[in-house]
Amino acid sequence: MGEFEVHRVRFFGLVPAGVRCLACQPRGARLALARTDGAVEIYNFAANYFQEKIIPGNEARSVEALCWAAGDRLFGAGLGGEIAEYDLSRLCVAHSVDGGGGPIWSMAANSSGTQLAIGCEDGSIKLFQVVPGGIQFERNMDRRTGRILCLSWHPSDTHIAAGSIDALRVFNVSSGQTVQRIMVNYHVHKVKRECIVWSIAFLSSGTVVTSDSFGRVQFWDWERGTLQESHTVSTSAVLSLSVSEKEDSIIVGTSTGATYQFQLLPVKTGSLEKRWVRTKPFQYHTHDVRAVAHSSTALISGGLDAQLVIRPLMEKMQKKGYDAALRKFTFPHRRLVSCARKARLLLFQFSQHLELWRLGSTDETGKDGEVLPLCRMPEHLVQLKSKGPEHIYCSCVSPCGSWVAYSTASRFHLYRVLYKGDSVSVKKVPKVPKLLLPAYQLQFSADSGRLFIASARGSVHVLQLLEPGGCKHLHMFRPPSGCPDAVYLLAVSADGHWLAAVGGDWAIHTYNLKCFKHHCTVPTYNCAVTALAIHPVTNNLVIAYSDQQLFEFSIPEKQYTAWSRMVQNSGLHKAWLERDSPITHITFNPKNPSHILLHDIYMFCVLDKSLPLPDNSALLMNQSTLKQLPETARQRQLHAFKICKKFQPLLFADLLDENCLVMVERPIMDFKTQLPLPIQQKKFGT
């Protein structure tokens, strides 16, 4: 693997926002997730649960509810009182409509996706018609006192069940009248506090399922208004509930971080009578589980601890293996850190500001694994605050450290960083060219002379940076076949000759920067691209996909390399392909052209193309484990993959020079200490 001096950075103070709500696409392969900061994320089940789209948040926009309608149209609503439709191609809010009832607490679409119902602060339920290009107000349902915290359509679309404080109501959709009112506290004696119905589901059998602040999951016969079953699953609130498509399984989430599964099972073998049975408890979260979803093959939960947990249903799996693995996602599947190699600076991206840091240094040398004392501490140089409520989409610092750029939904900013002795100042570049905003990815050229800006509809803008602090627009690239989606990944060659861009359709286009023409398109591969980079010597494009496959494409020759074809013929190691975290960054070591450096959240890997690939019988060992083996055993384990798992969670890794690496970690417990205290649970023996 070789020895590197490693700058181990742990001062990136990122605190991921908690998960507020989830929505599975009906009969689709996508999951929509909204966070407490208003950001919306789209995960693709078919692409190994890759986070393929992110719509950054906005301080003026909260998202309390998400739902899919009319196939692949996504709507969100929140305490601002507006219903927003998201443009999943341009990754922004396409348009919004005022709900007319104050803050919106809940929203649901009917089974055909043609109508939306919203539950409002003023106690009203309002129906909207989903039409091409937006939604139209249709009518109000019978209004009652008390905010509507949750609602659910009957699968036949004839009735809506709504939960509020101390009561649930059933409405007839055609007449708009209340046809049933059930007091959820009727069966509780000496109640001294109100009962909040946090979540509700309307089953085709006519059963209404509720979860409430008393820690109960209850099953009601809505026509008779009677309680069928009641299960107390927690001493605190049950906050969320979701039912499977076949209505034979339910997942609920609690304020203690626990999730439970209920299954509809026969009372005894061979019996036609069935009852709901709590079958499986899970404790994957430390804080409130505010959102759950039930896909056809998995139980999905999201908590205020920022974790998204996907637990496959083993009974739905054909065989044990990769698809049956538990997945936990806390950090985004994209980079929030950029590096100025020559200046040894790091730029950290937060939701509404940027931080520029200078790395520390040491004069000491030592043995492998030894921690060296610093002669110069890391230094916080600059903080750039974004004005307005919009969150930052992307940011980048130039290799020389003299330029910083970032973009929000409506603004693009370019700054010149000036260094005079120990003082640092920032000057905003005036009269930046007007671009099709937002920018989705920013990349400086190796010589810091150009800035490449990924934009909507597959386009990439090229800016020429001018001394002492200006810029001009050189060119705009567009794919020849057109592309409705935004570009989300860029890679530039070290010699400034080539540019590679990946759009939302997963097509990779390469452009010639000398003549400003489209060069070629990489052969289509039916999976999302998670990272790519161009080799500084060979101009080969190395591509990592969400299914963990690696390809190498020769840009000058417009074909896959011999090594890439060998990899596809031989196949990668099973343990490599079964990793659940995508590769987020690729770089190279100029001293060893055969080395490819890449990392995901859990490991850093040096891939040596000069060594043979391991077969499935070989152990894909951690480097620290290999060092403990005798020399003869180490030689037998010699293969192309050199893996280090010492640095976790690894948000960024890059090569500063031939012998120096920088690793940016964000330990989970570091940011969990900044979250509100979870509900304390009594543990046996304490």
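Which residues are linked with Arg8 in a network of salt bridges? The legends below take that up along with other close-ups, and the model shown is a predicted one.

**View 1. A salt-bridge network joins Arg8, Arg10 and Glu665.** Here's the reply to the opening question: Arg8 is networked with Arg10 and Glu665 through salt bridges. Across the model, the count of salt bridges comes to 19.

**View 2. Asp657 pairs up with Arg344 in a salt bridge.** Their closest N and O atoms sit 2.3 Å apart. The two partners come from distant parts of the chain, 313 residues apart. Asp657 belongs to strand S54 (residues 650-657), while Arg344 is found in the loop between strand S30 (337-340) and strand S31 (345-349). Buried or exposed, or something in between? Asp657 has 31% relative accessibility, so it counts as partly exposed. Arg344 also lands in the partly exposed class, because its relative accessibility is 26%.

**View 3. Lys609 and Glu552 meet side chain to side chain in a salt bridge.** The N to O distance is 2.7 Å. Lys609 sits in the loop between strand S52 (604-608) and helix H3 (623-626), and Glu552 sits in strand S48 (residues 550-554), so this pair ties together parts of the chain that are 57 residues apart in sequence. Have a look at how the two ends fare for accessibility: Lys609 is partly exposed at 23%, whereas Glu552 is buried at 2%. The cut-off for buried is under 20% relative accessible area, which is why Lys609 misses that label.

**View 4. Glu379 and Arg376 form a salt bridge.** In this pair, the closest N and O atoms are 3.6 Å apart. Glu379 is partly exposed, with a relative accessible area of 28%. Arg376 is partly exposed too, at 37%.

**View 5. Leu74 sits among the best-connected residues of the largest nonpolar core.** That core has 36 residues, and those with the most contacts inside it are Leu66, Leu74, Phe412, Leu414, Leu442 and Leu451. What does Leu74 touch, leaving out residues up to four places away in sequence? Its contacts are Ala32, Val40, Ile42, Leu66, Cys67, Trp68, Ala84, Glu85, Tyr86 and Leu88. Separate from this core lies another one, of 24 residues, including Ala491, Ile508, Cys520 and Tyr545. As a bit of background, nonpolar side chains in soluble globular proteins tend to be buried together.

How values were computed: Residues are numbered from 1 along each chain as its sequence is written. This is a predicted model: local features need pLDDT of at least 70, side-chain atom pairs count only at pLDDT 80 or more; totals for chains, interfaces and linings use all residues. Side-chain values use heavy atoms; hydrogens and water are left out. A nonpolar core is a set of buried Ala, Val, Leu, Ile, Met, Phe, Trp, Tyr and Cys residues joined through side-chain atoms within 4.5 Å. Buried means under 20% relative accessible area, exposed over 50%, partly exposed in between (1.4 Å probe, protein chains only). Contact means heavy atoms within 4.5 Å. A salt bridge is a side-chain nitrogen of Lys or Arg within 4 Å of a carboxyl oxygen of Asp or Glu. Helices (H or I, at least four residues) and strands (E, at least two) are DSSP runs, numbered from the N terminus.
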